[in-house]
Amino acid sequence: MKVRASEELDEIRSEIRSITSDIIRKVQKRNELCKQVGEIKSRLKIDVRDEKVEQEIRQLVSNLSNEIGINPDFTGRLLNILLSESVRLQLKEQRDQIQFENHLTIFSKAKELEAAGKEIIHMEVGEPDYSPPEPVKSVLSSIFDLKRYHYTETKGIMQLRTSIAQKSSNGLNPSNVIITPGGRFAVFAAISSLLVPGDELICIEPVWPAYAECACLVGSTVSSLRTTLEDGWSPDLEKLANMINSNTKMIALNYPNNPTGKILERKILDQIVSIAKDHNLYILSDEVYRDYTFSEFASIMEYGYERSIMISSFSKGHAMTGFRVGYAIAKDSIVDRMAKVQATALTSVAEPMQYAALAAAEVKPAENTKRMKKRLDLICEKLHEMSLSFVKPDGALYVFPKLGEGLSDHKVVQRALDLGVAVAPGSGFGGPYSQFIRLSACQTHDKLEKGLELLNSVMRSN
Ligand code: PLP
């Protein structure tokens, strides 16, 4: 009896092995076909993502799953993994043919030129050029004597978490706060602890690319809701609702927005929260530019939504990019999950930097806000004189103008760099924005004026 059962087991296992091999062969065939699609799209210069085609295949898989009695959530996740791989292969195909650039690659090029002796005006990165708050200085000089140079609790020192919780919202506890090395790691910790392969993240473009990059890293799929200059960068909420399926797990919001400076109207945010609640979705709200708001700003924390994660940082408002201190606020169980990622990856944020942030947290950076507003006004005035279209930013550090007819971001960015001003290509913030560039206001008035003069000469020489 035992022998027969063991033979049966061997037979079934052998069949499973054979089916698994078949699946792998089919996936290989699928990937090859996707690469061919990528080549054709690259030749035709069309977008890699095609929501309509994806929707059709999603429907087909859902119908088939119901027909043959397999869990559609599972097959949806499986399909998302295949779709992600297809997008990755097709993007690779395109990037192999054109040189891919974003604000970071331009920043590296600008640094190389500087090292070779060329003078560059940096309008490509969002790094304030002014100093951190004064009290930070004395804290840094006392670190050694006070022996504040050890590992800390993974979630961060209690004083800093308490200070952030008290300043952020009524009823928050330190257990709702995790201190991370920059807002960027808070994004990574949130996405990697809450999404699994095959889950779907919705991003509203144009947007800082890190959310999509993190999602891809953990094997999740990204769906992009695209906004336009003509619509004042407002998201179409009907489209948003239609994008959601049973594998959608999170919406990433970034307002004030990088690169447009847009702030969502409160009633739009109300509706997004309501859609998220209906579908039990996480909302990752990256509010690192919340100190630079020039019109009414509603934070996700005002909603008390239990699946929200608010991310902020000392990098921008307090001009402390190199200190690498950011944080996330969420309900305890989400913070605990993020802390596991942080413990695995880096133990804790450097203790001296947490004490520096504690001192900075006592300073409201209102002067920085005023200074940035003046700089952005200057950029807007000059762009207006250059007859470029843009939406005046409600916040953040950037303006996102549209280039004139026939100009592409890469051409303009390269020519501007040759003349000595670095700016960021629009296509680094989403598929269809190659007609835009992002201008950062993190320079003095004089430098901004000079940079915009150089940019103007690039435009006129076309
Ligand atoms: N979030 C957004 C929207 C950003 O634009 C940036 C940096 O440019 C960050 C987060 C990263 O900030 P941090 O320096 O705190 O990692």
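This section describes the ligand site and the internal cavities of a predicted model.

The ligand occupies the second largest pocket of the structure. The volume of this pocket is about 490 Å³. Its lining comprises 23 residues, of which Gly126, Arg184, Trp208, Lys316 and Thr321 lie closest to the pocket centre. Two helices, α4 (103–115) and α7 (182–194), each contribute at least two residues to this lining. Sorted by class, the lining of the second largest pocket consists of eight nonpolar, nine polar and six charged residues.

The shell around the ligand itself is made up of 14 residues, and the closest of these are Gly183, Asp286, Tyr289, Ser313 and Ser315. Helix α7 makes the greatest contribution to the shell, supplying three residues. By class, four residues of the shell are nonpolar, six are polar and four are charged.

Polar contacts to oxygen atoms of the ligand involve both backbone and side-chain atoms of the protein. A polar backbone atom of Gly183 lies 2.6 Å from an oxygen atom of the ligand. For Arg184, a polar backbone atom is likewise placed opposite a ligand oxygen, at 3.0 Å. Ser315 takes part through its side chain, in which an N or O atom is 2.7 Å from an oxygen atom of the ligand. Taken alone, the ligand has 400 Å² of accessible area, and the protein covers 92% of that area.

Besides the ligand site, enclosed space was examined. Across the whole structure, three cavities of 30 Å³ or more were found. The largest cavity holds about 70 Å³ of space. Leu253, Asn254, Tyr255, Ile263, Leu264, Leu269, Ser285, Glu287, Phe297, Ala298 and Ile300 form its lining. Eight of these lining residues are nonpolar, two are polar and one is charged; the charged residue is Glu287.

The second largest cavity has a volume of about 40 Å³. It is bounded by Ile204, Glu205, Pro206, Thr227, Trp233, Tyr255, Asn257, Thr260 and Lys262. The class composition of this lining is four nonpolar, three polar and two charged residues. Tyr255 appears in the lining of the largest cavity and also in that of the second largest cavity.

Methods. Residues numbered from 1 in each chain as written. Predicted model: local features only at pLDDT ≥ 70, side-chain atom pairs only at ≥ 80, totals over all residues. Heavy atoms only, no water. 1 Å grid on protein atoms, 1.4 Å probe; cavity = no way out; pocket = protein on both sides within 12 Å on 5 of 7 lines; lining within 4 Å. Points joined across faces, edges and corners; volume = space filled by probe spheres on them. Helix = DSSP H or I, 4+ residues; strand = E, 2+ residues; numbered from the N terminus. Near = heavy atom within 4 Å. Polar contact = N/O pair within 3.5 Å; in protein donor to acceptor, adjacent residues only side chain to side chain. Areas by Shrake-Rupley, 256 points an atom, 1.4 Å probe, with all protein chains shown as cover. Sits in = over half its atoms within 2 Å of the grid points.
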